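Here's a quick look at a pocket, a surface patch and a couple of residues worth finding in your viewer. Load it up and follow along.

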Amino acid sequence: MTSSNIVTAKQSRSPFPSMMALHQKRLRIWLRQLRVHQYVKNLLVFVPVITAHEFNADALTKSFLAAAAFSLCASAVYILNDWWDLQADRAHPTKQFRPLAAGKIKVRDALAAIPVLLTASAWIALSISGLFAIIIAAYFVMTTAYTFLIKRKLIADVVLLAMLYTIRVIGGAVAISVPISEWLLYFSIFVFASLALVKRTIELFDYADLGKDPYPSRGYYASDVGTVTALAAAASMNAVTVFALYLSSSSAAGLYAHPKFLYLLCPIMIFWLFRLIALAQRKIIHDDPIVFAIKDRVSWMTCLVTAVILLLASVKWTCDYAICIS
C-alpha cells in the first residue's frame, strides 16, 4: 500500500468528518425548530426607518437589534407552542414533521432553550431602551395568550395575529425614537388583518382536502373558507383606502418632495394583495403568506417597483414634468 493510500485510509477512519456532519445535521434541526425562516417577519421593524426617512447608522443598527430581539422571543414562543400542541402536531399531516413532534429534539432540551432565548431577547431589548423592552414583553404576553387561548377563538385569533404584526412596526418606531404615525397604524392593522385571514384561508383549504373540519375546538369549519376569503379581500381594500387617504393628508406632503407619485402604489397594492388571495384559493400557497412572498419572484418585482416609486417621490426633481405633477 502506498503512502497516499495509507493517508486516505486513515482519513476515512477519522471520526472528525462524521462528527462534523452530525453537528451540522443537528444545527439544521434546531434551526427548523427555532423557525429561523419566520424571522423575515421581523423585518417589519424597518418600516419606521423607511416612513420616517431615518437612513442613518444609528437607526439602522437599532433596527437590526430590534429585529434580533423579536426573533429570539418568537423562537422561544414557537418552542412553547410546539410543546403545547405536541399531540395534535403528531396527528397533523405536515406538522408531524416538526423536530419536536418527530422526536428529533428531546422535550426537555427544547424547554431548556426557552429561558435562554428569552434572556438573550431581553438583554438585547434593554440595550436599546427600557420602553422597547416593554414592547418585547408585551409581544411575549400576546404571543403566549395566542398559544394558550386566543387561537381557539373564531376571528379573535386573526385580530391578535394582525396586532402581532403591527406591534413589530410599533417596536421599530420605539427603537429609533420616532413617533408612530396614526396613518401607519391604521394601514398596518388592515393590511396585516388581510394577511392573517389569507393564512387562515390556506389552512382551511389544507384541511378541506383531508375531508375534515380543521379546528373543532377553535371555532372554524371547512365551510367558513368563503367568509374568511371575503373578509381578507375587504381588509385589503380598507388598507388601500387608508393609504390613499394618507396621500391626501399634510403628513405625506411634508415627507415627500412629490407625494403624487405615491398614488401609483395604490394599484400595485391592489394587485399584490388580491393576487395573494387568489393564489391562496388556488392552493398554490402552503406557508405563511409573508414567508411565501419572500420566495415569490413577482413579489420581489413588486417590491422593486415600489422602491423606484418611493425614490421618485422623495427626490427633488427639477424637470418640467416633475414640477407639473407636483
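## The largest pocket

This is a predicted model. Its largest pocket has a lining of 48 residues, and Leu44, Val47, Ile50, Cys303 and Thr306 are the ones that sit nearest the centre. Quite a few helices chip in: helix 3 (47–51), helix 8 (156–175), helix 9 (182–209), helix 10 (225–247), helix 11 (250–255), helix 12 (265–281), helix 13 (289–295) and helix 14 (297–314) each give two or more residues to that lining. Helix 14 gives the most, with 9 residues.

As for space, the largest pocket holds about 1800 Å³. Sort its lining by class and you get 38 nonpolar, 9 polar and 1 charged residues.

## A nonpolar patch on the surface

Over on the surface, Trp83, Trp84, Val107, Leu111, Phe148 and Leu149 make a nonpolar patch of about 500 Å². Two elements give two or more residues to this patch, namely helix 4 (57–84) and helix 6 (107–128).

Val107 is the patch member to click on here, and you'll find it in helix 6. Its relative accessible area is 31%, so Val107 counts as partly exposed. The patch takes residues with over 30% relative accessible area.

## Pro289

Now for Pro289, which belongs to helix 13. Is Pro289 buried or exposed? With a relative accessible area of 0%, Pro289 is buried; the cut-off for that label is under 20%.

Try a distance as well: Pro289 and Leu197 are 92 residues apart along the chain, and their C-alpha atoms are separated by 9.8 Å.

Terms used
Residues are numbered from 1 along each chain as its sequence is written. This is a predicted model: local features need pLDDT of at least 70, side-chain atom pairs count only at pLDDT 80 or more; totals for chains, interfaces and linings use all residues. Side-chain values use heavy atoms; hydrogens and water are left out. On a 1 Å grid over the protein atoms alone, a cavity is a set of points where a 1.4 Å probe fits but cannot get out, and a pocket is an open set with protein on both sides within 12 Å along at least five of seven lines; lining residues have an atom within 4 Å of a point. Grid points are joined across faces, edges and corners, and a volume is the space filled by probe spheres set on the points. Helices (H or I, at least four residues) and strands (E, at least two) are DSSP runs, numbered from the N terminus. Ala, Val, Leu, Ile, Met, Phe, Trp, Tyr, Cys and Pro count as nonpolar, Asp, Glu, Lys and Arg as charged, and the others, Gly among them, as polar. Patches are made of residues with over 30% relative accessible area and no salt bridge: like charges are joined within 9 Å, nonpolar side chains (Val, Leu, Ile, Met, Phe, Trp, Tyr) within 5 Å. Accessible areas come from the Shrake-Rupley method with a 1.4 Å probe; for residues, only the protein chains shown count as cover. A salt bridge is a side-chain nitrogen of Lys or Arg within 4 Å of a carboxyl oxygen of Asp or Glu. Buried means under 20% relative accessible area, exposed over 50%, partly exposed in between (1.4 Å probe, protein chains only).
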